[in-house]
Amino acid sequence: MTLSLRSFMRHEAVLGILLVLVLFVLAQQSDKFFTTANILNQGRLMTEIGLIALPMTFVIITGGIDLSVGSILGLCAILLGVFWQNLGLPLPAAMALAVCVGALAGLVNGLIITRFKVPPLIATLATLALYRGLAEGISQARSVRGYPEWFFVLGQGEVLGVPTQLWILIVFAIGAAAILGLTTFGRATYAVGANETAARFSGINVDRTKLLIYTASGLVSGIAAVIFVSRVSTTRSDMGTGVELDVITAVVLGGTSIFGGRGTIIGTVIGLILVQALKNGLALSGVKGDGTIVVIGVVLIFAILASNLFSRNGDG
Amino acid sequence: MTATPASSAETAPPLVELRNTSKTFSGIKVLKNVGFDVRPGEVHALLGENGAGKSTLIKILSGFHTPDEGGEIRVNGRPVSFSSPRDARKAGIATVYQELLLFPDMTVAENIFIGHAPRAGMGALDWNEMRRRARALLDDLDSHDLDVDARVGGLSVANRQRVEIAKALSQDARLLIMDEPTASLADADVRRLLDVVRRLRERGVAIIYISHRMPEIFALADRVTVLRDGALIGTKDIEEVDDASLVSMMVGRSIDQLFPKVVVPIGAPVLELRKVSFKDEVQDISLTLRAGEILGIAGLVGSGRTELALTIFGITPATSGEILLNGRPVTIRSPQQARDLGIAYVPEDRGLQGLVKPQTIRENVSMALLDRISKGSIVDRVKESALARDAIARFGIRARGPEQRAGQLSGGNQQKVVLAKWVSTNPKVLIMDEPTRGIDVGAKSEIHALMCKLAGEGLAVIMISSELPEVLGMSDRIMVMNGGRMVRTFDRSEATPDVVGAAMTHAGASHAGGAA
Amino acid sequence: MSFETATVRRSASTGFAARTFATYGQEFIILACIVVLFVAVGLIAPRFISPTNLTTIFVGNAYIAVAAIGMSMVIISGHIDVSVGSLIGVLATISGTLAVSGYPVWFAWLAPVIVGMVVTSFIGVLVAYVRIPSIVVTLGMLSILKGGLISVTGGAWITNLPPDYLIAQFRLFGIPSPVWFMIFLTAVAAMFMRYTAFGRSIYAIGGNGEAARVAGIPVERTTVTIFAIHGLFAGIAAVLFATQLQVIQSTVPPNLELTVITASVVGGVSILGGTGTVVGSTLAAILFAAIGSSLIFLNVSAYWLRAVQGLLILATVLADMARRHRIG
């Protein structure tokens, strides 16, 4: 982590305190909140966003952004159905292939950004349309059902009492934290985000770093797609719409600066839990699904505002 | 100010005058009680090392900064205050900066008149009038070949500069400030620019000319002012000074006292270039560099020195020619390859290319050798901290510790961090590009001492510098570049300011000095 | 004047035609594409160019072109707004609700425009003064507006709109009024962008913010105003959308903001800011609408339209980048 110990304490600590406060308030609002069943269920629901938020943290630290993650999720979900049902592949192979397509989509993003020097914003805005368009075109709005029972263990089952996908999220989160905080690749990520030119002049392969990060973003979106399909038992072409909002909110709320150079995985995880807790609390209070996205939008704007204030107070 | 020969201009107030002007930034006084004036139709050169306060001075004159309490600006004898660059422009003061402030997607005509475009009926912009007037302005500047409808982004640096000058004149500038105008220009364009300056002077426009190039100053200036460390050292008529006296005013000591050159045994050839070229920016460079040797590369800015360094370092890989390291041919297509081969580059622009300012000293020092201090891919923090502490001690970096943010250090200490980063990679060749730019004199000597020590340990050093005294004082051999080519090489014994300076302004390639 | 100088002078100024093509090159290409498309598809499926279908294409999509005018200004100034689709949805609902609730028709037309300007001015303030990147602000705004709309309306359609509310019914010289709006507003905006100092300052801010500031342009204030103007056009677009049929659906077409951005970008507005025209974005909006319609006539599933959209943006942006790196 590139923050000094003192500023780590400042930002993540504030976030941690905020989380505790929010949890406390929500627990008061509804006695259904702090039950084991609810908490585990929330863990299940937040996995897809959580997984994608991990590589997104890397992306935003390098000063970029990936708006196409939701579309990649949708495309991979559709292709999972196509590979299995239309092409007759065995389900495990279809799953693996779908994830590969995700990685490929991410790689294309990375190539557009590094080879053609298109700014990440517009590159992923264009692929957002393209990938979603492919999903819609390929699926023709038909959905695929009838997956075998064992498939649903992934999205609806449990291992040792904890939802399956939550284990996956935990493992990935630990891995991502290790890579970002401990490895040379993590250092390269921070360097590219803080000063890309100096990173290049120091012998860091900037293009390769970016390429890997965007490919990872696509790959993880593919994994999230498989989990999503398993959880809702069907595939539809509009899956994943709006995912990018939740993901970016979680990352930014977790202290990653939208301008790059700063951020941690643990911050993203706290941000993720906060967002999920908010959604859950609102739902338990009777607010419908659409109402919650209003709140998420407001939270995003406030998170950036707060982040701006923090960085002006002597961090950057 | 010194006395000047009597003339009618002496009794009239100067065009623009600064009195008792100081400027403080975050507690640091960058200008200390400076007095400065410019007369109509005068070319007044402003000299000083980087950090001397020149850019602050002109920023005050052009309305970007306000002087500290007690300082005064007078135009035609009357006190004024500028709250924005616009005010200064209305008072007839215009500035042409090094980083040109132009709009790449707009035409030449529009760039010239942005903010004050001619109007037709009902307040609509009159494009025809704009183009006509732009054409007239450019013709006045003898730029007949510059199309007013051309997109500025596609123009050469010289042409863009002409647009900036036309822009200044379009608002009836009485005083034109030019900041290092020839820094990025080729010879032919430099000559054209000097003509333009003379022409403006004839028309009564006063010019403040900031440059470090002696030949131009002596060709153009009527008076010269030297700043050092934010203070005014003196303002003299041009007849009263020469190269040596100006240098000594800028630097404060005579040349020999500055650089403690230690003569070191010179070993076997380490780096050899054979007719190396990069497009048309670096042309047919051949040189041999030996262990323990310091090769100084001199030349005017734009002569291709940094381009050569970037080609050796792999940022802009060579398009033809051969590079040999310890006798074996190598291909260098990226900075990683250069680094792995033992070539290190301390860049010209410390803040942008050398350091990651928001990161700590520790992270900066280890940035070029992350894979060497890591097990697998995991960075070894213990080794890294030891490396940083060692660097701080060895290079005399004044900091609170390895965890201090690099951006908080002074210029000299920042440069030491960059140097430490590269020396840690155990290079065989160290290229330093303007190693002491923007550094106070004390730190300068420290860097020079470090350079000599490194050479003594067997490193082969290439030192690119625009400061002639530094080049003369430190180098075992001097290579002069111009227009991307090597003009001459000198041995330490035969190099004097005159011959080197002459070679720097000599156009075209000359093989008289030998290719080695 | 010597012969030499005369020759040099002549070559130093390009002719009107050459200049016009240099500035409006992209626009000509789009116009050519439109012509080619109409001719080609018209030959394959003649009903494509029937008056009824043409009316459907133009009237049904005029509001997109109008929204793209404001969006082009925002993008030229170096920002973006991904919430404009949801905004139009909200404003259209406000308009329709006012109309069926007995308010005078002119009020139902005017109120959404005012509200639109207020909302976008707020966005502008966050972007210009608080310095939050526009992508983030508008990403948040998108969900606030979208979620808010559904929460409030519950997804219900608005029916029984008073007949004199429906602007689309009015015709002038046989051409429906939305088309006139589109043409008129595009022309006015184009002149504004070309012949007023404010219009040029939009290009200046997007082209080189620092230089614009030094040139005396009040960057922050201008940015807020640009967003306000964008809200104006979004409001007009919303009214045009709401007044087409006798019902207003609960949602605008999905990803409307993407379609509007596509129109701007394909129309020649560079995402890097500083270049582009509103004429281009209007033409591109028409082209895109025509492509969408032609898919139906060519028996290509309409579900491929989004993919076409993505490909168009990508191709335009890649070409733009390639061109920049050649000239630089």
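This is a dialogue about a sheet in chain B and the contact between chains A and B, in a predicted model.

Student: How do you know that strand E11 and E12 of chain B are paired?
Tutor: Pairing takes at least two bridges between two strands. E11(B), residues 269-278, is joined to E12(B) by 6 bridges, so the two count as paired. They run antiparallel. One of the bridges links B:Phe278 to B:Val282 in E12(B).

Student: Which strands make up the sheet, and in what order?
Tutor: The order is E12-E11-E14-E15 in chain B, an open sheet of 4 strands with antiparallel pairing.

Student: What makes E12 and E15 of chain B edge strands?
Tutor: Strand E12 (282-290) and strand E15 (328-330) each pair on one side only. From one strand to the next, the twist averages 20°.

Student: Why is helix H11 of chain B said to pack on the sheet?
Tutor: A contact requires C-beta atoms within 7 Å. Helix H11 (residues 305-313) touches E11, E12 and strand E14 (320-325) of chain B, so the helix is in contact with the sheet by that cut-off. The direction of H11(B) makes about 70° with that of E12(B).

Student: How many residues does each chain bring to the contact between A and B?
Tutor: Chain A brings 19 residues and chain B brings 23 residues. On the side of chain A, helix H9 (184-194) and helix H10 (196-201) each supply at least two residues. H9(A) gives the largest share, 5 residues.

Student: What classes of residue does the side of chain A that touches chain B have?
Tutor: That side has 6 nonpolar, 11 polar and 2 charged residues.

Methods
Residues are numbered from 1 along each chain as its sequence is written. Chains are lettered from A and ligands numbered from 1 in the order in which they are written. This is a predicted model: local features need pLDDT of at least 70, side-chain atom pairs count only at pLDDT 80 or more; totals for chains, interfaces and linings use all residues. Axes are lines fitted to C-alpha atoms, for helices over the stretch in contact, and angles run from 0 to 180 degrees between N-to-C directions. Two residues are in contact if their C-beta atoms, placed from the backbone, lie within 7 Å. Ala, Val, Leu, Ile, Met, Phe, Trp, Tyr, Cys and Pro count as nonpolar, Asp, Glu, Lys and Arg as charged, and the others, Gly among them, as polar.
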